[in-house]
Amino acid sequence: MDERHLLNELMKAVAEEASDFVVRPHLPGLKKFAAFAYVAESFGYRYYGHAPGNAALNNPYFLFRRMPDAHERAAALMAANPGTPGRAQLPGMQPGNGFSPVPAVRREVELLYSQMVVDASGRYNPRVLSNILVLPIVMAIFLIFPGYTIGNVLIAAGIWFVFFAFYLVGLGVTRQRRAKHLARLSAAGVEWPPRGDV
């Protein structure tokens, strides 16, 4: 999903005054998506984390909920910037550069990015470990064909230990990043995840 498609989804929700909308980004990284979340909030739709029921997916859907003053925000923006999104100036973004925030809003975009990093760290859950623990069973099935020689079993065990080592390293990095971004949010007075967690 490119920038134009994200903007189309946002403008459709604004026009319909939908209570929420859900998107799955295909942008290169969460920083661009955080900039989109800033634009969405300018139009009255606040980023609310992963949509219910798909947080464990590698590329989950994200939920945006309508704010009480959404109508006023959208009306003021549309009056100030007539034109189609993408051709008109996006709020808080550099003219003609898509989702590239201006220095004045960079801190707010970084806080949205921190919220997204915290959400992403939740995908590194016990399901990942259970997949690694199931791997020896899969390997045992595949070893039926070449046979259970000591060499084949040692190779399979080596492969499993490499995957397990990657899991441990990934878990450490994820916990460190989560703690760093939670500290940034806490210092800014942002409660994340929001109450009534989705």
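A nonpolar core is a set of buried Ala, Val, Leu, Ile, Met, Phe, Trp, Tyr and Cys residues joined through side-chain atoms within 4.5 Å, where buried means under 20% relative accessible area with a 1.4 Å probe, protein chains only. The model is predicted, so that local features need pLDDT of at least 70 and side-chain atom pairs count only at pLDDT 80 or more, while totals for chains, interfaces and linings use all residues. Residues are numbered from 1 along each chain as its sequence is written, and side-chain values use heavy atoms, without hydrogens and water.

**Exercise 1.** Determine how many residues the largest nonpolar core has and which helix gives the most to this core.

*Solution.* Step one: the largest core has 37 residues, and Phe33, Tyr45 and Phe64 are among those with the most contacts inside it. Step two: helix 2 (30-42) is one of the elements that give two or more residues to this core. Step three: helix 2 gives the most, with eight residues.

**Exercise 2.** Establish how helix 5 is oriented to helix 6, and which classes of residue make the contact.

*Solution.* Step one: helix 5 (residues 126-142) and helix 6 (residues 150-187) pack at an angle of about 175°, with their axes 10 Å apart. Step two: helix 5 is therefore roughly antiparallel to helix 6, a term for angles over 145 degrees. Step three: the contact (heavy atoms within 4.5 Å) includes Leu129 and Ile132 of helix 5 and Trp160 and Phe163 of helix 6. Step four: by class, this contact has 13 nonpolar, no polar and no charged residues.

Methods: Axes fitted to C-alpha atoms, helices over the stretch in contact; angles between N-to-C directions. Helix = DSSP H or I, 4+ residues; strand = E, 2+ residues; numbered from the N terminus. Parallel < 35°, antiparallel > 145°, perpendicular 65-115°, else oblique. Nonpolar A, V, L, I, M, F, W, Y, C, P; charged D, E, K, R; others polar. Buried < 20%, exposed > 50% of the residue type's maximum accessible area, 1.4 Å probe, protein only.
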